[in-house]
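Please open the model in your viewer and keep the selection panel at hand. The tour below goes from the whole chain to single residues, and each stop says what to select next.

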Amino acid sequence: MAEKLIELRNISKRFPGVLANDNVSLDIEKGEIHAIIGENGAGKSTLMNIIYGLYEPTQGEILFKGKPTQIKSPLDAIGLGIGMVHQHFMLVPSFTVAENIVLGNEPKHKKLFIDYKKAVAITEELSETYGLKVDPHEKVESLSVGIQQRIEILKVLYKGADVLILDEPTAVLTPQETEELFEVIRKLVNDLGKTVIIITHKLQEVLAISDRVSVMRQGKMIGTLQTKDANEQILAEMMVGREVLFDELYKKESSKKEVLSVKGIKARDNRGLVALNGVSFNLKAGEILGIAGVEGNGQSELVEVLTGLREMEEGEFIVNGVEAFNKSPNEIRKLGIAHVPEDRLATGLSKDASIWENLLMGIQHEEPYAIKGVHINKKKVKERTDRLIDEFDIRTPSGDLPVGKLSGGNMQKVVIAREFSFNTPILIIAQPTRGVDVGAIEFIHSQIIEKRNKGAAILLVSAELDEIFRLSDRIITIYEGKITGEFLNGEITKQEIGLYMTGKHTEKAEGGEKVE
Ligand SMILES: Nc1ncnc2c1ncn2[C@@H]1O[C@H](COP(=O)(O)OP(=O)(O)OP(=O)(O)O)[C@@H](O)[C@H]1O
Ligand SMILES: [Mg+2]
């Protein structure tokens with residue numbers, strides 16, 4: 001029998017108003033890939049934070065290699081060889097890759113200054129050993145989330161971790177990046193003897209990568225299965241406690257009135273490189289226009305220019321007949337555009353502010369929520385907060401809780417609830433279901449369709465092709481800052497669209513060799 005590395009016995013964790021973990025027991029065996037799944041707020045991150053010493057359990061016991069062990073801080077955890085990559089990254093954006101990797105344990109010159117050359121050498125060696133490619137000199141702020149995650153993993157490995165806890169590592173990755181990550185995980189486990197605990201909402205991923213899977217629901221451990229005995233249906237039902245059905249989404253005929261258009265947009269990315277190179281398209285009322293692209297091909301920058309968060313160098317941008325070229329985010333909002341940003345913690349939410357404050361952002365000076373634009377009408381605000389919490393199924397003991405204390409998926413629901421509540425004629429939505437559970441995906445999809453059916457024009461950017469295909473009326477593909485194709489949904493298959501997303505469609509058309 002496999003050696004038990006970590007044993008959790010009857011662990012409970014209580015936060016004010018919430019029993020986040022309720023008498024949970026779990027074994028982690030040496031050398032296994034163990035998936036943890038469950039709905040948003042089920043208690044997965046809390047349980048992992050307990051193993052990593054970030055939270056102390058209210059009750060229960062942890063055994064490490066058979067011995068009762070107290071893990072009082074991440075330092076204790078690291079001492080035992082346990083490392084964690086969090087759901088929301090914790091890198092220092094203005095530091096280089098090498099500086100981030102050695103952070104907290106820097107090689108020093110004369111015990112004083114960071115030995116940068118050595119930090120670079122360490123980074124290169126780690127990168128080589130684990131097959132995770134990074135450029136040590138690049139600043140983290142200019143890197144894609146996929147690369148940032150590699151850095152987080154390297155950082156944990158640098159600290160000497162034998163057990164890696166990955167909290168929703170694939171939520172922010174493209175399918176391609178996910179496959180690469182899985183290769184790395186397999187290598188870590190099969191060739192290097194590591195143990196991996198992985199949290200994910202994607203059941204296909206559980207089936208593809210794990211040896212065993214444990215399911216949580218409302219703070220409790222429902223059970224652990226050998227992955228070979230599981231399938232999506234079984235897991236989904238264990239997660240939600242009832243049968244899960246995916247309804248067909250009903251779409252109404254749309255009006256086709258153009259409400260937004262862009263012509264020849266040019267913009268640069270954070271590194272000053274050309275990110276959008278002459279992008280043109282239009283968006284009509286009552287339609288969902290999906291933008292399909294491999295992450296890093298300009299779609300993030302496109303969303304930013306359309307919401308006033310990034311400067312446009314050239315081009316034309318018209319919203320409802322009004323020129324919107326380089327208007328401020330506020331002015332653009334007033335033209336009737338709401339925005340669900342891809343990075344909820346950087347641009348979507350203020351972590352330390354309460355749920356009600358976050359839900360109010362943008363209309364805090366407006367009636368009936370403000371009186372004379374200054375005083376807050378508490379009663380109205382509370383009504384609105386409670387209604388949105390209820391409608392969007394935000395799992396929280398109260399609207400007063402700081403948003404940062406919500407589970408990841410519930411934070412996402414706060415952003416969606418706020419932006420959807422404005423009832424704007426145009427919605428720009430990026431990665432709406434990142435990190436949300438299957439039930440919530442279903443809900444958010446139906447809300448998007450409802451908006452569309454009521455006549456809203458929706459621009460949808462998603463790294464999930466399934467999502468693009470499920471929701472869009474029309475799809476455009478973007479590659480290296482240019483639009484490479486436009487299709488009505490139903491006109492093209494996922495395989496074909498993949499060629500347009502990777503710039504290989506021209507080779508196909510010319511009958512040329514496919515170059516890798
Ligand atoms: N620091 C905290 N203070 C108060 N409540 C908290 C805190 N951390 C978590 N909670 C609550 O504990 C519950 C479980 O949260 P947790 O983050 O463990 O869920 P999760 O399973 O990781 O969900 P998700 O899939 O959305 O990330 C939630 O109700 C959450 O609001
Ligand atoms: Mg979580």
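## The whole chain

For the 516 residues of this predicted model, a compact globule would be expected to have a radius of gyration near 24 Å, and the protein chain agrees because its own value is 24 Å. With the C-alpha trace displayed, the span along the principal axes is about 70 × 60 × 50 Å. Colouring by secondary structure brings up 18 helices and 24 strands. Buried residues make up 44% of the 516 residues, and among contacts with a separation of 6 or more, 66% are between residues 24 or more positions apart.

## The nonpolar core

Next, select Ile 51, Ile 165, Val 414, Ile 458 and Leu 460, which have the most contacts inside the largest nonpolar core, a set of 139 residues. Centre the view on Ile 458 and, leaving out residues up to four places away in sequence, look for its contacts with Ile 288, Leu 289, Leu 427, Ile 429, Ile 448, Lys 451 and Arg 452.

## Helix 5

Now select residues 145–158, which form helix 5; its 14 residues reach 20 Å from the first C-alpha to the last, close to the 20 Å expected at 1.5 Å a residue. Helix 5 is largely enclosed by the rest of the structure, because ten of its 14 residues are buried. The buried residues include Val 145, Ile 151, Ile 153 and Leu 157, and also Gln 149, Arg 150, Glu 152 and Lys 155. To see what covers the buried residues, add strand 6 (82–85), helix 3 (97–102), helix 4 (116–130) and strand 9 (163–167), which are among the covering elements. Just after helix 5, stop at Gly 160, where phi is positive at about 90 degrees.

## Thr 170

Beyond strand 9, select Thr 170 in the loop that leads to helix 6 (175–190). Is Thr 170 buried or exposed? Thr 170 counts as buried because 23 other C-beta atoms lie within 10 Å, where the cut-off for a buried residue is 20 or more. Apart from neighbours within four places in sequence, Thr 170 is in contact with Thr 178, Leu 181, Thr 200, Lys 202 and Glu 205. For a longer view, draw a distance from Thr 170 to Val 403, which is 233 residues away along the chain; their C-alpha atoms are separated by 22 Å.

## Around ligand 1

Select ligand 1 and the 20 residues around it, of which Asn 40, Ser 45, Thr 46, Ser 407 and Gly 409 come nearest. Strand 2 (18–29), helix 1 (44–51) and helix 14 (408–421) are the elements that each give two or more residues to this shell. Coloured by residue type, the shell divides into five nonpolar, twelve polar and three charged residues.

## Backbone details in the loops

Most residues other than glycine have a negative phi, and most peptide bonds are trans. Two asparagines and one proline are the last stops.

- Asn 326 has a positive phi near 50 degrees, lies in the loop between strand 17 (322–323) and helix 10 (329–334), and is partly exposed, with 15 other C-beta atoms within 10 Å.
- Asn 423, in the loop between helix 14 and strand 21 (426–430), has a positive phi of about 55 degrees and counts as exposed, with 11 C-beta neighbours inside 10 Å.
- Pro 368, in the loop between helix 12 (355–360) and strand 19 (370–371), is joined to Glu 367 by a cis peptide bond with omega about 0 degrees.

Notes
Residues numbered from 1 in each chain as written. Chains lettered and ligands numbered in written order. Predicted model: local features only at pLDDT ≥ 70, side-chain atom pairs only at ≥ 80, totals over all residues. Core = buried A, V, L, I, M, F, W, Y, C linked by C-beta atoms within 7 Å. Buried ≥ 20, exposed ≤ 12 C-beta atoms within 10 Å, placed from the backbone. Contact = placed C-beta atoms within 7 Å. Helix = DSSP H or I, 4+ residues; strand = E, 2+ residues; numbered from the N terminus. Expected span 1.5 Å × (residues − 1). Rg over C-alpha atoms; globule rule 2.2 N^0.38 Å. Near = placed C-beta within 6 Å. Nonpolar A, V, L, I, M, F, W, Y, C, P; charged D, E, K, R; others polar.
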